[in-house]
Amino acid sequence: METEEQHDTPERDRSFFPVPGKKDRSRSVRLGLSVGSVLVALLLTSAFIVQPFLIPSSSMDPTLRVGDRVLVNKLAYRFGDGPQRGDVVVFDGTNSFSGEADPDANPVTTALRKAGAATGLVPPSETDYVKRVIGVGGDRVRCCDRRGRIEVNGRPVDEDYLHPGNAPSAVPFDIRVPEGRLWVMGDYRSRSSDSRDHLGDPGGGTVPVERVIGRADWIGWPLSRIGSVPAGAGGGDG
């Protein structure tokens, strides 16, 4: 027989009390999948279309400043002409500006660093560089003429992108750029380690076109710097 106390106590419906943590776990899984999908899409975009690149040094100042995040157009040279004089390019300097890749490098650490660099959150690999194309395959590039200007194929180049007060080069040179390679220099000449510094290396300071990652077309960050990256004068045809 039910007592009055038992009769007055309502029975609890278990449907109103889900298993603690189940809903939270489900929400966490959905959030994790969403974040993962975004990261995968970002990495795929970075790998094949546009890659963010964090400017690590002042070698391209004032065109690009330390901390700028530029967007590298990886399709720029995929369907037609290669790099042109005046283009600002990002390239892998392995075996030209840098030594050979380290065979003993930790693959996990390398992969994580590449992923971070691909999102523009961490500095790029030490073998990645950003410079301006001064000469392309077949060009004769020399410094300097009587007015201190660089000549390409006997014609002086108007370099209005140079850092104020900088000479086109303090180092004299005269080189014929091999086919399929590029002669590149920074806009802040006195602070740029570029083709001039590798004249004695294989390739004579030039960079293979196939090592070009893409063309730096836009500055995406900071907000005060958003805009396109101006190309320099082409010149030197002939």
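Cys144 is partly exposed, with a relative accessibility of 22%. The structure is a predicted model. In this model, Cys144 takes part in a disulfide with Cys143, and the peptide bond from Cys143 to Cys144 is cis. The points below take up this pair of cysteines, a second cis peptide bond, two asparagines with positive phi, and a nonpolar surface patch.

**The cysteine pair**

- Cys144 belongs to the loop between β5 (140-143) and β6 (150-152).
- Cys143 has a relative accessibility of 7% and is therefore counted as buried, since buried means under 20%.
- Cys144, at 22%, lies between the limits of 20% and 50%, so Cys144 counts as partly exposed.
- A disulfide is a covalent bond between the sulfur atoms of two cysteines.
- The sulfur atoms of Cys143 and Cys144 are 1.5 Å apart in the model, and the pair meets the rule that a disulfide needs two cysteine sulfur atoms within 2.5 Å.
- By this rule, the count for the structure is one disulfide.

**Cis peptide bonds**

- Most peptide bonds are trans.
- From Cys143 to Cys144, however, the peptide bond is cis, and its omega is near 5°.
- Trp221 and Pro222 are also joined by a cis peptide bond, with omega of about 0°.
- Pro222 is placed in the loop between β11 (212-221) and β12 (227-228).

**Positive phi angles**

- Most residues other than glycine have a negative phi.
- Asn95, which is not a glycine, has a positive phi near 70°.
- Asn95 is located in the loop between β3 (88-92) and α3 (107-118).
- With a relative accessible area of 42%, Asn95 falls between 20% and 50% and therefore counts as partly exposed.
- Asn153 likewise is not a glycine and has a positive phi, of about 55°.
- The loop between β6 and β7 (155-156) contains Asn153.

**A nonpolar patch on the surface**

- Ile49, Leu75 and Phe79 together make up a nonpolar surface patch.
- The accessible area of these three residues together is about 310 Å².
- Ile49 sits in the loop between α2 (22-48) and β1 (50-54).
- The relative accessible area of Ile49 is 39%, so this residue is partly exposed.
- That value for Ile49 also satisfies the requirement that patch residues have over 30% relative accessible area.

Notes. Residues are numbered from 1 along each chain as its sequence is written. This is a predicted model: local features need pLDDT of at least 70, side-chain atom pairs count only at pLDDT 80 or more; totals for chains, interfaces and linings use all residues. Side-chain values use heavy atoms; hydrogens and water are left out. Patches are made of residues with over 30% relative accessible area and no salt bridge: like charges are joined within 9 Å, nonpolar side chains (Val, Leu, Ile, Met, Phe, Trp, Tyr) within 5 Å. Accessible areas come from the Shrake-Rupley method with a 1.4 Å probe; for residues, only the protein chains shown count as cover. A salt bridge is a side-chain nitrogen of Lys or Arg within 4 Å of a carboxyl oxygen of Asp or Glu. Helices (H or I, at least four residues) and strands (E, at least two) are DSSP runs, numbered from the N terminus. Buried means under 20% relative accessible area, exposed over 50%, partly exposed in between (1.4 Å probe, protein chains only).
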